[in-house]
Amino acid sequence: MLDQVLESELAPLSLLEKAARVLGAFEGPQPRLSLTEVVRRSGLPRSSAHRILDQLVRLRWLDREGRDYRMGMRMLELGALASHHNRLRRAALPLLHALHEQTGQLVHLWVLDGAEVVCLERIGGSDTTTVPSRVGGRMPAYCTAAGKAVLAFSDPADLEHVLAQGLRPRTPRTLIRPLALRAELAATRERGIAYDREESFRGISCVAAPLRGAGRAVAAVSVSTGRGERELARLAPAVSACARAVWRELYGRGRAGRAAAAPRQDLEPAVSAQAMDNMMGWLRFSEWM
C-alpha cells in the first residue's frame, strides 16, 4: 500500500492536473496572483506554471493585468452555465421520473452546446431500449429529436453553425441535406414537437419537446422507444406536457405561490394528462487539451 502511495506521488502530473493546480491557486480571498504566488501555491516549476498561465489567458480562463493574473470571463461564463444547468436539472428531475413512469420509456433532458446536444439527465430505459446514452454524453443535434426541438426555436446562427459542421449519415434515414433539415425544423416549429425517425440509431425512434415560453428554447425533454414510429404520436402529448410543466417549475410562480396552490395538483396533471459537476470538467473541451 505504501509503495502505491509513493508511486502515485512520484508519477508525473498530467497536463490537466497541472492546469487544475494553477486554477486551484486562485481559491481564496485574493483575486489577483503574480507568477511567483502561483508557483508557490501550485507547487509547479516556474516554467510550467508560466506556460500554463499563458495558455489559460489565451483561452480566456484567466485575465492578465500587468504582472498579475485573475479569473477570466470564460470561468464566469461556465460558472453561470453550470449553475443554470444544475437548477434546470433539479426542477426537471421529478417530472422526468413521472414521465418515465407514465410512458415506460427512456426519458432524457438535453441542452444544446454548439453543434451537439449534451445529456443532463437520463431516466430508465435499461430494459426497453438500446440507446447508448449517458449523463454528460453528447449527440449530434441535427439527427436527434432533442437537437431539432431546440434548434427549431434557437437563434438562426445556431443552425448555421450546425450546417457548417456537416450533416453526416448515422443511419440510412438521417437527414443529410440542409434543405431537408430546414424543412423539418419548420415543421417542428408548427407542431411544437420534434421527431427522430431512426435517424440516430437503427430501430430507435424519439420524440422531443422544447423547454420554452414565447422565446428561444433552453433545453428539450425527449422520450425514446423501440416500438416504431407509430408509438411517437401516442407519446408526443405526454412529452409536450412534461416540457411545459418543467418550464412552469423554472419560470412560473415562486415557490411560496406554488406551495399555496398545492403544487402536486398543479404540475403532475400536466404530465398525467397524457399520463459540470465541477468546473474542471469543462477543461476537456478546450483546444489546448
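The following paragraphs describe the strands, one helix and several individual residues of a predicted model.

Because the model is predicted, local features were accepted only at pLDDT of at least 70 and side-chain atom pairs only at pLDDT 80 or more, while totals for chains, interfaces and linings use all residues. Residues are numbered from 1 along each chain as its sequence is written, and side-chain values rest on heavy atoms, with hydrogens and water left out.

A good place to start is the open sheet, in which six strands follow the order S6-S5-S4-S9-S8-S7 with antiparallel pairing. Strands here are DSSP runs of E with at least two residues, and helices are runs of H or I with at least four, both numbered from the N terminus; two strands pair if DSSP finds at least two bridges between them. The edges are formed by strand S6 (138–140) and strand S7 (194–197), each of which pairs on one side only. From one strand to the next, the twist averages 30 degrees (axes are lines fitted to C-alpha atoms, for helices over the stretch in contact, and angles run from 0 to 180 degrees between N-to-C directions). Within this sheet, strand S4 (residues 106–113) and strand S5 (residues 116–123) run antiparallel and are joined by seven bridges. Val111 has Val118 of S5 as its bridge partner.

Helix H9 (residues 230–251) lies across S7, strand S8 (205–211) and strand S9 (219–225), and runs at about 25 degrees to S8. This helix also holds Trp247 and Tyr251, which are four residues apart, about one turn of the helix. The structure holds one aromatic pair. The ring centres of Trp247 and Tyr251 are 4.4 Å apart and the planes meet at 50 degrees, so the pair is tilted; rings of Phe, Tyr and Trp (its six-membered ring) pair if their centres lie within 6.5 Å, with planes under 30 degrees apart counted as stacked, over 60 as edge-to-face and the rest as tilted. Tyr251 has a relative accessible area of 38% and is therefore partly exposed, given that buried means under 20%, exposed over 50% and partly exposed in between (1.4 Å probe, protein chains only).

The loop between S7 and S8 contributes two further residues of interest. One of them, Phe201, is placed in this loop and is partly exposed at 21% relative accessibility. Arg170 lies over the face of Phe201, at 5.3 Å from the ring centre (a charge sits over a ring if NZ of Lys or CZ of Arg is within 6 Å of the ring centre and within 35 degrees of the ring normal). Neighbours within four places in sequence aside, Phe201 is in contact (heavy atoms within 4.5 Å) with Val131, Pro132, Met139, Arg170 and Thr171. Val131 and Phe201 are 70 residues apart along the chain, and their C-alpha atoms are separated by 7.5 Å. Glu198 is also placed in the loop between S7 and S8. Its phi is near 60 degrees, a positive value in a residue other than glycine, and Glu198 is partly exposed at 22% relative accessibility.

Turning to a hairpin, strand S2 (residues 62–65) and strand S3 (residues 68–71) pair in the antiparallel sense over four bridges. Asp63 has Arg70 of S3 as its bridge partner. Two residues lie between these strands, and Gly66 in this hairpin takes a positive phi near 65 degrees. Arg60 is placed in the loop between helix H4 (46–58) and S2. Arg60 likewise has a positive phi, near 70 degrees, in a residue other than glycine, and with a relative accessible area of 39% Arg60 is partly exposed.
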